[in-house]
Amino acid sequence: MERTLVLIKPDGVRRNIVGEVISRIERKGLNLVAMELRTLDADTAKTHYEEHASRPFFDSLVEFITGGPLVAMVVEGERAIEAFRALAGATDPVTAAPGTIRGDFALEVQKNIVHGSDSTYSAEREIKLFFPDL
Ligand code: DAT
Ligand code: MG
């Protein structure tokens, strides 16, 4: 069994597709082990996205991710990291395949609805950041 951190970003919450995203996770056979609606402070957002600190879009990304409530969850299952990334689709929603969350619901790279950890190392780091007591 593997765990991954999933975020439904503020754009997903604002557009009322939290249920849709959770439904896709559940239909796939993945299990929720923790979930919380919360608004990130800038420090947590910067730590979460620290690998992108030198990218030109970093400040805008931090502003976006702290701009309203998001849903953070820990999702568990067989190859959960890869399984959720497949459900999410490519980072750029225009090229994300139809049938994926990003492919079905988004058009702009920043407003791409969801985050999913990209490796076992990232998953462990991100789960600790969001759910230190887990
Ligand atoms: P992913 O979320 O698919 O893991 P990433 O880790 O490369 O993608 O980037 C993190 C987030 O940053 C991504 O979900 C949206 C934003 N982002 C990535 N590339 C971008 C770009 N060229 N311009 C603006 N935002 C970008
Ligand atoms: Mg990433």
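The paragraphs below walk through a predicted model of a protein chain with a bound ligand, from its overall confidence to a few individual residues.

A helpful place to begin is the predictor's own confidence. The protein chain has an average pLDDT of 98, and 100% of the residues score at least 70. For the complex, the predictor reports an ipTM of 0.98 and a pTM of 0.98. As a general caution for any model of this kind, predicted coordinates should not be read in detail where pLDDT is low.

Turning to the chain as a whole, an unreviewed UniProt entry lists residues 1–134 under "domain: Nucleoside diphosphate kinase-like". In the model, this span is 42% helix and 19% strand. The C-alpha atoms at the two ends of residues 1–134 are 15 Å apart.

Next comes the surroundings of the ligand. The shell around ligand 1 is made up of H52, F57, L61, T91, V109, Q110, N112, H115 and D118. Sorted by class, this shell contains five polar residues, three nonpolar ones and one charged one. The unreviewed UniProt entry, for its part, places the feature "binding site" at K9, F57, R85, T91, R102 and N112. Readers comparing the two lists will find F57, T91 and N112 in both.

Two arginines from the UniProt record deserve a closer look. R85 belongs to helix α5, which covers residues 80–88. Is R85 buried or exposed? The answer falls in between: R85 counts as partly exposed because 19 other C-beta atoms lie within 10 Å, and a residue needs 20 or more to be called buried. Setting aside neighbours within four places in sequence, R85 contacts G116 and D118. D118 also appears in the shell around ligand 1.

R102 sits in helix α6, made up of residues 101–105. With 23 other C-beta atoms within 10 Å, R102 is therefore classed as buried. Beyond neighbours within four places in sequence, the contacts of R102 are A88, G89, A90, P93, A96, N112 and I113. Among them, N112 is also listed by UniProt under "binding site" and is part of the shell around ligand 1.

A last example is D41, located in the loop between β2 (31–38) and α3 (42–48). D41 is exposed because it has 10 C-beta neighbours inside 10 Å. How far apart are D41 and E76 in sequence and in space? The separation is 35 residues along the sequence and 26 Å from C-alpha to C-alpha.

Technical notes: Residues are numbered from 1 along each chain as its sequence is written. Chains are lettered from A and ligands numbered from 1 in the order in which they are written. This is a predicted model: local features need pLDDT of at least 70, side-chain atom pairs count only at pLDDT 80 or more; totals for chains, interfaces and linings use all residues. A residue is near a molecule or strand if its C-beta atom, placed from the backbone, lies within 6 Å of it. Ala, Val, Leu, Ile, Met, Phe, Trp, Tyr, Cys and Pro count as nonpolar, Asp, Glu, Lys and Arg as charged, and the others, Gly among them, as polar. pLDDT is the predictor's confidence in each residue, from 0 to 100. Helices (H or I, at least four residues) and strands (E, at least two) are DSSP runs, numbered from the N terminus. A residue is buried if 20 or more other C-beta atoms lie within 10 Å of its own, exposed if 12 or fewer, and partly exposed in between; C-beta atoms are placed from the backbone. UniProt positions are given in the numbering used here, feature names are shortened, and annotations may be inferred rather than shown by experiment. Two residues are in contact if their C-beta atoms, placed from the backbone, lie within 7 Å.
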